[in-house]
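Colleague: I would like to go through the strands of this model with you, one pairing at a time. Could you take my questions in turn?

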Amino acid sequence: MRNLQTTSVAPVAKDMPLAGKIPVVSPLARVKDLNVQFRSRDATVHAVNGVSFDLMPRDVLCIIGESGSGKSVTMKSMMRLLPPKKTVMTGEIEVNGHKVLDLSERQIRHLRGAEISMIFQEPMTALDPVYTIGRQITEAIRAHEPVTTSEARRRALELLELVRIPSAVSRLDAYPHELSGGLRQRAMIAVALSCKPKLLLADEPTTALDATVQIQVLVLLRQLQDELGMGVIFVTHDIGVAAQIADKIAVMYAGEIVEFGSARDVLVNPAHPYTRAMLASTVHGQARDADLPVIPGDPADLRRLVAGCRFAPRCGVSKSLCLERAPSLVGVAAHHDAACHLINSLT
Ligand SMILES: Nc1ncnc2c1ncn2[C@@H]1O[C@H](COP(=O)(O)OP(=O)(O)OP(=O)(O)O)[C@@H](O)[C@H]1O
Ligand SMILES: [Mg+2]
């Protein structure tokens with residue numbers, strides 16, 4: 001399987017002796033051949049199928065794809081948040097050198113927050129309604145670091161200021177329901193950043209917000225990513241959002257990555273018929289409010305995976321080969337890959 005986003009070479013400082021000393025930057029996160037199935041008595045849902053990608057430090061990767069394509073399951077796998085009893089996971093997930101699937105419960109709890117953190121679409125799923133914002137942040141800090149209550153409160157205040165919450169001192173003692181949707185979202189980001197994670201997973205964090213607040217939160221996230229030097233994986237339905245925030249884009253369909261590349265390559269020269277179909281109805285310049293357009297046909301049934309390309313039944317250009325054999329990701333340009341048998345014949 002082709003490795004998406006190969007190891008890159010860091011820029012060379014002026015005073016650095018050159019020959020043989022160019023430092024190689026390792027990925028911050030690496031997902032390799034991830035498969036996730038949910039088993040119940042009646043059926044097995046093949047939610048994620050052979051997903052592989054690397055995320056370099058400070059990169060923002062956007063995952064786009066229609067509902068049920070496996071975006072959230074991929075994110076939750078990286079946090080190991082899926083119900084263990086009914087989930088079967090295979091493959092490898094590495095975050096900052098830690099093999100996530102091999103860690104004990106205690107180790108994974110430590111990793112969450114300290115090195116990898118997640119923000120969700122709906123802040124109330126992450127914020128506890130019965131505790132003040134300040135208490136939730138200080139507890140998150142104290143769960144990972146041996147600091148006094150007053151030091152944790154000082155840091156909590158800094159975090160509320162970092163996420164640009166106005167009148168931060170008074171908000172420390174506010175309960176989540178006392179904040180507006182936009183401020184709640186900022187408070188959730190503050191909780192997620194409380195232990196300075198190296199990797200932030202954001203699962204549709206702006207979808208529930210109105211357009212103006214959505215832009216403010218996106219700008220904030222991009223600034224924080226830059227200031228704190230985090231890697232970010234950002235799930236969105238909105239191609240306009242991806243165009244604004246992404247360095248790289250992964251397109252998912254039926255639990256697989258069907259296209260991966262720089263945001264520019266994927267948006268300007270989409271190679272996979274699914275990506276093309278999505279982009280075809282997104283008018284340039286009006287992309288901000290454009291949810292993924294509906295593509296005719298039914299989404300793949302993840303309980304019964306077909307033999308060939310999973311998009312073939314809905315694809316306008318498929319051939320008999322597409323129904324027989326599943327395509328692998330192949331390079332369409334440097335660092336731009338797509339999984340389609342017809343890549344070379346499409347123009
Ligand atoms: N805990 C679970 N048990 C059983 N099936 C699940 C579970 N979580 C997700 N699934 C199934 O896995 C598939 C992928 O779901 P996932 O939540 O990753 O989709 P998604 O791409 O995030 O969609 P959306 O854009 O609607 O959020 C879906 O068919 C979903 O029903
Ligand atoms: Mg989801």
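Colleague: Which residue in β10 does Ala-202 stand opposite?

Modeller: In this predicted model, β9 and strand β10, which covers residues 231-236, pair in the parallel sense over 5 bridges. Within that pairing, the residue of β10 that stands opposite Ala-202 is Phe-234.

Colleague: Through which helix does the chain cross from β9 to β10, and what is the handedness of the crossover?

Modeller: The chain leaves β9 and passes through a helix formed by residues 211-228 before it reaches β10. This is a β-α-β crossover, its helix is α7, and its handedness is right-handed.

Colleague: How many residues of β9 are buried?

Modeller: Here a residue counts as buried if its relative accessible area is under 20%. In a regular strand the side chains alternate between the two faces of the sheet. In β9, Leu-199, Leu-201 and Asp-203 point one way while Leu-200 and Ala-202 point the other way, and all are buried. Strand β9, residues 199-203, is therefore mostly covered, with the buried count being 5 of its 5 residues.

Colleague: Which residue stands opposite Leu-200 in β9?

Modeller: Strand β8, made of residues 116-119, pairs with β9 in the parallel sense over 4 bridges. The residue opposite Leu-200 is Ser-117.

Colleague: Which are the edge strands of the open sheet that contains β3 and β6?

Modeller: That sheet has 4 strands in the order β4-β3-β6-β7, with antiparallel pairing. Strands β3 (residues 29-39) and β6 (residues 87-95) pair over 8 bridges, and Gln-37 stands opposite Val-88 in β6. The strands that pair on one side only are the edge strands, β4 (44-55) and β7 (98-99).

Methods:
Residues are numbered from 1 along each chain as its sequence is written. Chains are lettered from A and ligands numbered from 1 in the order in which they are written. This is a predicted model: local features need pLDDT of at least 70, side-chain atom pairs count only at pLDDT 80 or more; totals for chains, interfaces and linings use all residues. Side-chain values use heavy atoms; hydrogens and water are left out. Two strands pair if DSSP finds at least two bridges between them. Helices (H or I, at least four residues) and strands (E, at least two) are DSSP runs, numbered from the N terminus. Buried means under 20% relative accessible area, exposed over 50%, partly exposed in between (1.4 Å probe, protein chains only). A crossover is right-handed if, with the strands pointing away from the viewer, the path from the first strand over the helix to the second runs clockwise.
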